Amino acid sequence: MPKDTAARQSEDLSNGQNRSSSSGAGDSSFENVAKVTALTLSQTPSAFYEELSRDLKERPADVLTRAAGGAAIGAVGTVLLKFPKVATAVTLVGLGWQGYEAVDSFSSFAHKASGASTDAERSKLAHVSSQNLGRSLTNFTEAAPGMVIGGWGASKAFGAPPVYGRIGRAVEDKIIMPVKDRVAFIGPGTERLPASILKGEGKIDMLEVSRILGEKHAWKGIETGRTLDLNSLKLSRPVAGNETHIPWLPGSSKSGKVPFHTHSPESTIGTRPSIDDILATNGLGIIKRGDQVAFYVGHGDELALMQNAGKAELFKPGMRTVIVDHAEKTAQRLTGRYDKAQGWFFDQAQVLDYGSTLKALKSLDISKPWGSLEAIGGQQSLSQSIQKSVAARLTGG
């Protein structure tokens, strides 16, 4: 074999071994980091528990100091949130600093972990890292109650920032209320209405529904109510309020639900729904007051759309109600518009034909309830009847 050829083969073999060795070292470094990370995370919960227990038993003064620091942070943070531009700037600076520290800490950890090639080295590094993480979690946990108290105190003293209200509403809307609504239709106190209230093609005998619910909720000094789930014909458990208000009806702002509640015989607004009733009801709602029953259509769905579009301040709800008086055998339709500053502006009430109203209610199209209520014919006055009679005689009719 020529000399230069042998030299080239020897050089190629050496380079191949070096590349293989380099690749193996890279794989080994990654494996070391992965193993140390897994060990660290598995040991962190126990390290956190040990640190917290030790602080509570041996260093209570330090715990109180961190809680006091948390209170100061909560108070200052809450006040800053009332000034969005300042709060944004402070937040960005804080996040930038935290991000820098996190990257620096992880880089240092990864560098040390990549070189931990034995079980003993990895175990030692994981122990130190888990202790550091446990200490950080403990410090935050001890400061957290103070942050809450400080934020609450600042909100009471200087007013809550708008973002707190949005967060509170979001938590209530997305977490608390859905669970509360579902639970209200489960277990003791719930019951089903007979299938005979269904009249086919999406129509329901709302006159019978109002009669059944009215018998179950006689006035006893406080407002009471419950909600009908149209999909299952199930009534929620009864809900009670006080003499003038009922704070919540299960699922009233959801589609396929019909909320019902009572009003006091001395109610200042009579049988009609309040603005709160209208905003909290998605579709049809029912109110009973003595012998009178109001069938109203809420604006909850429209309000939700306006809120999602960020235009809630432009929303102007209206009154869409039919009130039936079974004792007097009369019915009327009430419409109007609501202004936040000046209250209600009612149109002149329209007197309806009592018989036609009952007929419409016995087969109400639940998919478009106001269309059905709006189509009920009016009652002719005595003068109108006389005029028609005279005109008929004059024309030979």
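This is a walk through the structure, from its overall make-up to its cores, strands and aromatic rings.

The model is a predicted one. The protein has 397 residues, of which 34% are buried. Its secondary structure comes to 11 helices and 13 strands. The accessible surface is about 23,700 Å². Carbon and sulfur atoms hold 59% of that surface. Among contacts with a separation of 6 or more, 61% join residues 24 or more positions apart.

Confidence comes next. The mean pLDDT is 82. A value of 70 or more is reached by 82% of the residues. Two stretches call for caution. Over residues 5-25 the pLDDT stays under 50, and the model has two contacts for this stretch beyond four places in sequence. Over residues 381-397 the pLDDT is again below 50. Beyond near neighbours in sequence, residues 381-397 have four contacts in the model. Helix α11, residues 382-394, has the lowest mean pLDDT among the elements, at 44. Strand β8 has the highest, at 97.

Now to the interior. In soluble globular proteins, nonpolar side chains tend to be buried together. The largest nonpolar core here has 31 residues. Within this core, the residues that touch the most other members are Met-206, Val-209, Leu-284, Ile-286, Phe-295, Val-324 and Leu-373. Helices and strands both contribute. The elements that give two or more residues are helices α6 (206-216), α9 (354-361) and α10 (369-374), with strands β6 (257-262), β7 (284-289), β8 (292-297) and β9 (318-325). Helix α6 gives the largest share, five residues. Another core lies apart from this one. That other core has seven residues, including Val-33, Val-36, Ala-113 and Ala-116.

Leu-284 shows how the main core is knit together. Neighbours within four places in sequence are left aside here. Leu-284 is then in contact with Met-206, and with Lys-257, Val-258 and Pro-259. Phe-295, Tyr-296 and Val-297 are also on its contact list. Leu-364, Ile-366, Pro-369 and Leu-373 complete the list.

Strand β8 deserves a closer look. Five of its six residues are buried, so by the under 20% cut-off this strand is mostly covered. β8 pairs with β7 in the antiparallel sense, over six bridges. Ile-287 has Ala-294 of β8 as its bridge partner. Two residues lie between the strands in the β7 and β8 hairpin. In this hairpin, Gly-290 takes a positive phi near 65°. β8 also runs antiparallel to β9, joined by five bridges. Ala-294 has Ile-323 of β9 as its bridge partner. Ala-294 thus appears in both pairings, as partner of Ile-287 and of Ile-323.

Two single residues give a contrast. Thr-224 lies in strand β3, residues 224-229. Is Thr-224 buried or exposed? Its relative accessibility is 17%, so Thr-224 counts as buried. Residues up to four places away in sequence are not counted in its contacts. On that basis Thr-224 touches His-217, Val-239, Ala-240, Ile-246, Phe-260, His-261 and Thr-262. Arg-182 sits in helix α5, residues 162-183. Its relative accessibility is 53%, so Arg-182 counts as exposed. Arg-182 and Pro-250 are 68 residues apart in sequence. In space their C-alpha atoms are 7.9 Å apart.

Last come the aromatic rings. A pair of aromatic rings is described by the distance of the centres and the angle of the planes. The count comes to four aromatic pairs. One of them joins Phe-106 and Phe-109, with 6.3 Å from centre to centre. Their planes are 40° apart, and the pair is tilted. Why are Phe-106 and Phe-109 separated by about one helical turn? Because they are three residues apart in helix α3, residues 84-114. Their burial differs: Phe-106 is exposed, with a relative accessible area of 51%, whereas Phe-109 is buried at 15% relative accessibility.

Tyr-338 and Trp-344 form another pair. Their ring centres are 5.1 Å apart and their planes stand at 65°, so the pair is edge-to-face. Tyr-338 counts as partly exposed because its relative accessibility is 22%. Trp-344, at 17%, counts as buried. Tyr-338 and Trp-344 belong with Phe-346 to one aromatic cluster.

Note on methods: Residues are numbered from 1 along each chain as its sequence is written. This is a predicted model: local features need pLDDT of at least 70, side-chain atom pairs count only at pLDDT 80 or more; totals for chains, interfaces and linings use all residues. Side-chain values use heavy atoms; hydrogens and water are left out. A nonpolar core is a set of buried Ala, Val, Leu, Ile, Met, Phe, Trp, Tyr and Cys residues joined through side-chain atoms within 4.5 Å. Buried means under 20% relative accessible area, exposed over 50%, partly exposed in between (1.4 Å probe, protein chains only). Helices (H or I, at least four residues) and strands (E, at least two) are DSSP runs, numbered from the N terminus. Contact means heavy atoms within 4.5 Å. Accessible areas come from the Shrake-Rupley method with a 1.4 Å probe; for residues, only the protein chains shown count as cover. Two strands pair if DSSP finds at least two bridges between them. pLDDT is the predictor's confidence in each residue, from 0 to 100. Rings of Phe, Tyr and Trp (its six-membered ring) pair if their centres lie within 6.5 Å; planes under 30 degrees apart count as stacked, over 60 as edge-to-face and the rest as tilted.
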